[in-house]
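Here's a quick briefing to read with the model open beside you. Take a look at the fold, then dig into the notes below.

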Amino acid sequence: MPSNSVLGKLSAVAVICFWILVGCEGEQDSERLAEAIDLGRENVVVLEISSDQEKVLFEPGEVWQFTANATREDGTQFDASNMVKWKLTPADAGSISDVGVLTAADVSGEQVASVTVEWAQLHASSDITISDAELIVIAISAASNPLAECLTTPLSAVGQYTDGSERVLTDLTWLVDSPDLARVDDSDLIALTSGTFNLSASRGDVTSESLPIVATDSLAAINLSETSPVTAKVDELLQISATGIFSDSSETPDIGAATNWSNSNTSVLSISDDGELLGIAAGDATVTATCGGLEEMLLVTVIDVTDIRIVDPEDNDMAAGETRQLELYKEFSDGSLGTDDIADDSDVIWDIETGEEIASISEDGEVTLASDISNYEDSFIRIFAEFDDFEDTLTIRLDD
Amino acid sequence: MQLWRWLGICWVLTAPTVGAESFLGITSGMMFIDNNGETFKPVIGGISTGYFNDTGVGVELALATGITSDEQSGVETELDLHVGGYLHYRQLFNNRAYLTLGVGYTVTELDSQVNNSGFPASQSYRGAAFKAGLEERLKSNPNILLKLTYQHSYPEGDTSISSAQFGVLYAF
C-alpha cells in the first residue's frame with residue numbers, strides 16, 4: 001500500500017489533470033437524446049415526404065408547403081412536419097423552413113435539388129426541379145360544373161411553360177365577372193345564387209380563357225342547426241350551421257360559406273359571417289340565413305345572469321361532525337336555473353354568516369360542522385355566497 | 001434565522017477534524033438522467049479514491065459505469081462511463097460521522113437507442129457538479145467508512161444528471 005502522503009498527492013494531481021483535460025470543451029448531445037425520446041413516444045417507424053398535388057416542379061421564388069408524414073408501428077399516420085428536421089440540398093437551390101415551407105431560389109435555367117427530412121434515425125427525401133421557364137398559358141377547371149347554388153367546388157389551374165412543362169398553379173388571381181352570383185375563396189368557388197357567370201384566373205401578364213360556370217336553381221330549403229326559439233347567454237358563443245336541402249332531396253350539411261347571416265337586433269347579439277352567434281345583452285332578436293334567394297329565420301332569446309342560488313343537494317339538515325359539498329348555480333333573466341355548478345369557481349366567495357364558531361367552509365363550498373356543537377345556542381347555521389356582485393344565503397338546520 | 005446562520009458558520013470553523021488520510025473504495029447506486037420529460041434510472045457501480053488533509057480539505061476522483069440499463073418511451077439508455085473530479089471539504093460532527101461537501105467537474109458517457117435502431121448511440125455530457133455526502137467511520141474498524149452521497153451535474157443542454165450512491169471506503 002503506498003504511503004498516505006504519496007497517494008494523497010497523486011489523487012490531487014489526478015483531479016487537477018482531469019479538470020484541465022476536460023476544460024470547458026464538451027460535445028452536448030442533449031438534443032439528439034430528446035429527439036430519440038420524441039420518436040420513441042410516438043413509436044414512429046416510417047417517415048415520408050408528401051407534396052400537395054405531387055408537385056415537384058417549381059418556379060424561381062415559388063413558395064410551397066411540403067409535409068412530413070409519419071407512420072407509427074400500429075399503422076396510424078400523422079403530420080410530423082413540425083417535429084422533423086428539414087434540409088434542402090444544394091443550399092443555393094433555396095431555403096426550407098422548420099415546418100417544411102420551401103422557398104425556391106432565383107435560379108437561372110434548371111436546377112435539381114433534394115428536400116430531405118430527418119427524425120432520429122429515420123430519413124426521407126424527395127427530388128425537385130426549379131426551372132426559370134416562363135408561364136405562357138393558364139388552363140383552369142372547376143371540379144363541378146354545373147354547380148348547384150349555395151355549394152362550393154374546388155378550382156384548379158395548370159400552367160404551360162416555355163420549356164414545354166406543365167405545372168400545377170396555386171398563387172393565381174381569380175376573377176368572377178358577376179360577383180353577385182359567385183365568389184372565390186382560397187381556390188374554392190362559392191355559388192351564391194343561381195345564374196351563369198364567367199370565371200378566369202391570371203398571373204402577371206398571363207390570363208386564362210374564361211370558363212363559363214352554371215349555378216343551377218336547385219336549393220329547395222335551408223335548415224338551421226338550431227330551432228326557434230333558441231336561448232343564448234350573454235358573453236357565450238353559439239355556432240349555428242346551415243344545411244341545404246336541394247330539389248333532388250339531397251342534403252349538403254354545411255352551406256355556411258355561401259350563406260349570408262343577418263341579425264334584427266345588434267344590441268342583443270352579434271353574428272359572424274360563418275354563423276357564430278355572441279350574446280351581448282338580454283333580449284330577443286331574429287337571425288336570418290339567406291342563400292340562393294331563400295331564407296330561414298331563427299328567433300333567439302339572449303338571457304343574462306340575474307342572481308345566484310345556493311343549493312344543498314340533501315335536505316338542509318346537518319349533524320355534528322358532518323361535511324357537505326354545497327352547489328351554486330346562476331339564475332337567468334328568463335327565470336331558469338343554470339346547469340353548471342360554479343361552487344368551485346375561483347370568483348365565488350364563501351363564508352359562514354351565522355355559526356362560524358361551529359362551522360367552516362372551504363373555498364369550494366364544502367361545509368364542515370364541528371363534532372361537538374352542544375354549546376351552540378342557535379339551531380341553524382347560515383351560509384353566504386357571493387359571485388359577480390350577486391349574493392345568496394342558505395340556512396341549514398342542525399340535527400339534535 | 002441570522003443566529004442559526006452564524007452558529008452554523010462557527011460550527012464549521014471550530015468543529016474538530018481528523019488527521020490527513022487517503023481513501024479508496026467502491027460505490028453503487030442509481031443515476032438519474034433527465035431529458036425531455038423522461039428520467040432514465042440505470043443502476044451504477046464504481047470506485048472512488050482521494051485524499052483529505054488534516055484541515056478537512058480534500059480531493060476525490062470517482063469513476064462509475066452502468067450495471068443495468070433503463071428504458072423510457074422506447075429509448076434504452078445505459079451508462080458507459082461517469083468520471084468526476086471534486087474538491088471537497090468535510091467536517092466531523094460527532095466522533096465518527098462526517099458531512100462532506102464538494103464541487104467539481106464530471107464527464108458522463110451514455111449509450112442510448114430508440115426502438116433498437118442504434119440512434120442516438122453514444123453521447124457525452126460534461127459540466128460542473130456538486131456533491132454532498134454523509135460518512136460514518138466504523139466503530140469496530142476506524143479504517144472503514146460507510147458513505148452516502150448525492151451528486152448533481154450541470155452539463156450544457158437540457159439534460160441533467162444526478163446520482164445517489166452508497167459506498168464502502170478504506171482509509172489509510
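Leaving aside neighbours within four places in sequence, which residues is A:Val300 in contact with? They are A:Val230, A:Ala232, A:Leu269, A:Leu277, A:Ala285 and A:Val287. Keep in mind that this is a predicted model.

**Nonpolar cores**
- A:Val300 belongs to the largest nonpolar core, which has 33 residues.
- The members touching the most others are A:Val300 itself plus A:Cys150, A:Ala191, A:Leu269, A:Leu277, A:Val287 and A:Cys291.
- Several strands of chain A each put at least two residues into this core, including strand 16 (188-191), strand 26 (269-271), strand 28 (283-291) and strand 29 (294-303).
- There's also a second, separate core of 29 residues, and among its members are A:Trp64, A:Val84, A:Ala113 and, from the other chain, B:Val75.

**An open sheet in chain A**
- Four strands line up in the order 31-38-37-34 to make an open sheet, with mixed pairing.
- Strand 31 (317-318) and strand 34 (349-354) have just a single partner strand each, so they sit at the edges with one side lacking a neighbour in the sheet.
- For strand 34, five bridges link up with strand 37 (residues 380-387) in the antiparallel sense.
- One such pair to click on is A:Thr354, whose bridge partner in strand 37 is A:Arg382.

**Helix 2 of chain A**
- Helix 2 covers residues 30-42, and its 13 residues should span 18 Å at 1.5 Å a residue; the end C-alpha atoms are 19 Å apart, so the two agree.
- Its buried residues are A:Leu33, A:Glu35, A:Ala36, A:Ile37, A:Asp38, A:Leu39 and A:Gly40.
- Just past the helix, A:Asn43 takes a positive phi of about 55°.

**Chain B**
- Chain B has one helix and ten strands, and going from the N terminus the helix comes ahead of the strands.
- Of its 172 residues, 39% are buried.
- Looking at contacts between residues at least 6 apart in sequence, 56% join residues at least 24 apart.

**Hairpins in chain B**
- Strand 6 (residues 75-92) and strand 7 (residues 97-114) of chain B run antiparallel, joined by 17 bridges, and they form a hairpin with four residues between them.
- Across that pair, B:Tyr86 has B:Gly104 as its bridge partner.
- Strand 7 of chain B also pairs antiparallel with strand 8 (residues 120-137), again over 17 bridges.
- Here B:Leu110 is matched with its bridge partner B:Gln123 in strand 8.
- The hairpin of strands 7 and 8 has five residues between the strands, and B:Asn115 takes a positive phi near 50° there.

Methods. Residues numbered from 1 in each chain as written. Chains lettered and ligands numbered in written order. Predicted model: local features only at pLDDT ≥ 70, side-chain atom pairs only at ≥ 80, totals over all residues. Pairing = 2+ DSSP bridges. Expected span 1.5 Å × (residues − 1). Buried ≥ 20, exposed ≤ 12 C-beta atoms within 10 Å, placed from the backbone. Contact = placed C-beta atoms within 7 Å. Core = buried A, V, L, I, M, F, W, Y, C linked by C-beta atoms within 7 Å.
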